[in-house]
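Notebook open, model loaded. I want to go through the cysteines, the charged pairs and a few single residues, and write down what I find.

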Amino acid sequence: MALQADAGAGALLPLALNGKHAIRICIDRGGTFSDCVGVFPVEPSNEFPSGERIVVVKLLSEDPEHYPDAPREGIRRILEIATGKPHPRSQPLDTSNIKFIRMGTTVATNALLERKGEACALVITKGFHDLLKIGNQARPRIFDLSIAKPDVLYKDVVQIDERVTLVGYTMNPRAASTNDKHASTSVLGKSGEYVDVLSAPDWDVVRTDLQKVYDSGIRSVAICLMHSYTFTAHEETVGRIAHDIGFSHITLSSELVPMIKIVPRAHSATADAYLTPVIRRYVDGFSSGFDDGILDMRVDFMQSDGGLAPVDRFSGLRAILSGPAAGVVGYAVTSYSIDEKVPVIGFDMGGTSTDVSRFDGRFEHVFETTTAGVTVQAPQLDINTVAAGGGSRLFFRNGLMA
C-alpha cells in the first residue's frame, strides 16, 4: 500500500540545483505506517508562489514483498518525483540531492512495548540479582484484583562479588569519619564523595562468568554495580573484560546515567542494552541503501526529549519515545496559538500504540519515567504511551474481554 499526496506533478527540481543537496526530507517511521515528506525548491508559479514544493509519501512500515525498508523507499520515490529520473531499488540511492534527513521512529517504543528487543544479560553486585524483579515496591493499582508484573528485560544475570561503601555511611559500624579525607583505603569518587572498597572482584571469576553468558548466545550486556555513579572503576574493568570476550554491545550505567538510585539506573542500563542493538540494526539497514555520500550527510533522529541526535549518537535509551516526541514537537508548532495561549492536548493514535500529551507553551520534561513497566532515568517529554492503536484487536473469550 502506498499513498502519494502531491500537487503540481510537473514541477521538478531546477536543473541548476541538481546535485546541490537541495531536498530536505523528514520521516515519521511508525509501527504500522511510515510518512515521508520531501521539500525542495521549484520555479515560482501560481501553483507554487513560495517557490517550494512539498511531496508526501505514505507507506506500510513493513512490506518486504515490495521494498526492504519503508523510509528508504519513501526517499527513493521523493527523489524520483523531484528529479524526474528513475532511481532503481536495486541500486544505492544517490545522496547528492539530499540536504538532510530527519526521522522520528517508534522502533524502540514498539520493541519495548511488545518485548521484542535484544537478548541481554545484567551484571550486578552480588546479592542484588533480583533487584529489578523487586523494583521499588511501588503499587500504583493497590486495589486491583489481578495484578500482572511486567517481565524484566534481561535473560541472564551475572553477580559480581564486589562491594563499595561511602565513607561515613551510618549503617557500617566501622565507617571512617566523613572528615577523614586521607584514609588509606578511601578513594575520591566522581561525585566528590569518598568511597571505601570493602571487597574487590576476582577478575578471573568475572571473566569465566561472562564467558558462560557469551557462550549461551547473548551478545548484549548491561553492567550496573552499587555506587558506580561515583566509583566507576569496577564497572569499567568489567566492561573491558566483556569487550575482550567479544560482546557486541556493552552498556555501563556509570556512563549512561551516572546518577544515584540503583533501581532506575539498572533499569536504564538494561533498557539500553535491550534496545540499542535493535536501533543499530535498523539504522545500519537504513543507511546501507545509500551511496557513500550518506557518511558526510546530516542524518538526525528525534530523541525522547524532543531534540535531534546525529545517527551515530542515537541510542536505545534515548529512543524510547522518539516517534511520540516528534508528534509533540509537530503539534506544538502547528496547533498552539501564542496569542490565545490555550493549552493543546495531543492524542496520537498510530497502528500499534497511542500517545497522549499536553502542550501549554513550553515543553514539559520528566527525568524519571515508567514505560511498559520499565522505570528509566533519562530526559523525556511528558508523554503517556499505551500498547494499543488503530490496528489492535479486542477479543471476547470465556465471557471476558481480552
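**Cysteines.** Before looking, I fixed the cut-off: I call something a disulfide when two cysteine sulfur atoms sit within 2.5 Å. One caution for all entries is that this is a predicted model.

I searched the whole structure and got zero disulfides. Two cysteines got a closer look. For Cys224, the closest cysteine sulfur belongs to Cys120 and is 13 Å away, so a bond is out of reach. Cys224 is also buried, at 0% relative accessibility. For Cys36, the closest cysteine sulfur is in Cys26, and at 10 Å that is too far for a bond as well. Cys36 has a relative accessible area of 0%, so I noted it as buried.

**Overall picture.** I then stepped back to the whole chain. I count eight helices and 21 strands in the protein. The C-alpha trace spans about 85 × 55 × 50 Å along its principal axes. There are 402 residues, and 46% of them count as buried. The exposed area is about 20,900 Å², with carbon and sulfur atoms supplying 53% of it. I also checked how far along the chain the contacts reach: of those with a separation of 6 or more, 70% are between residues 24 or more positions apart.

**Salt bridges.** Next came the charged pairs. Side chains of opposite charge can pair when their charged atoms come close. The search of the whole structure turned up 12 salt bridges.

I started with Glu62 and Arg29, whose side chains meet at 2.9 Å, N to O. This pair links distant parts of the chain, 33 residues apart: Glu62 is in the loop between strand S4 (52-60) and H1, while Arg29 is in strand S2 (residues 23-29). Which partner is buried and which is exposed? Glu62 is exposed at 55% relative accessibility, whereas Arg29 is buried at 9%.

Then I moved into helix H1. Arg77 pairs with Glu73, and their closest N and O atoms are 2.8 Å apart. The two are four residues apart in H1, about one turn of the helix, and both are buried. Glu80 and Arg76 also form a salt bridge, at 2.9 Å, N to O. They are separated by about one helical turn because they are four residues apart in helix H1. Glu80 comes out as partly exposed, at 26% relative accessibility, and Arg76 as buried, at 10%. I wrote these down as one group, since Glu73, Arg76, Arg77, Glu80 and Arg89 are linked in a network of salt bridges.

**His87.** While on that group I checked a histidine. His87 is in the loop between helix H1 (70-83) and strand S5 (98-105). With 11% relative accessibility, His87 counts as buried. What does His87 touch, not counting residues up to four places away in sequence? I listed Arg76, Leu79, Glu80 and Leu93. Among them, Arg76 and Glu80 are in the network I had just noted. A polar atom of the His87 side chain also lies 3.0 Å from the backbone oxygen of Lys85.

**Thr375.** Next I looked up a threonine in strand S18 (residues 374-381), Thr375. Thr375 is buried, at 14% relative accessibility. Leaving aside neighbours within four places in sequence, I found it in contact with Pro264, His267, Ser268, Glu368, Thr369 and Thr370. One of these, Thr370, also makes a polar contact with Thr375, side chain to side chain, at 2.8 Å. I checked Leu122 too: it is 253 residues from Thr375 along the chain, and their C-alpha atoms are separated by 15 Å.

**Nonpolar surface patch.** Last entry. Ile345, Phe347, Met349 and Val356 form a nonpolar patch on the surface, with about 420 Å² of accessible area together. Which strand supplies the largest share of the patch? Strand S15 (residues 344-349) does, with three residues. I looked at Ile345 individually: it is found in S15 and is exposed, with a relative accessible area of 58%.

Technical notes: Residues are numbered from 1 along each chain as its sequence is written. This is a predicted model: local features need pLDDT of at least 70, side-chain atom pairs count only at pLDDT 80 or more; totals for chains, interfaces and linings use all residues. Side-chain values use heavy atoms; hydrogens and water are left out. Patches are made of residues with over 30% relative accessible area and no salt bridge: like charges are joined within 9 Å, nonpolar side chains (Val, Leu, Ile, Met, Phe, Trp, Tyr) within 5 Å. Accessible areas come from the Shrake-Rupley method with a 1.4 Å probe; for residues, only the protein chains shown count as cover. A salt bridge is a side-chain nitrogen of Lys or Arg within 4 Å of a carboxyl oxygen of Asp or Glu. Buried means under 20% relative accessible area, exposed over 50%, partly exposed in between (1.4 Å probe, protein chains only). A polar contact is a pair of N or O atoms within 3.5 Å; within protein, one must be able to donate a hydrogen and the other to accept it, and residues adjacent in sequence count only if both atoms are side-chain atoms. Contact means heavy atoms within 4.5 Å.
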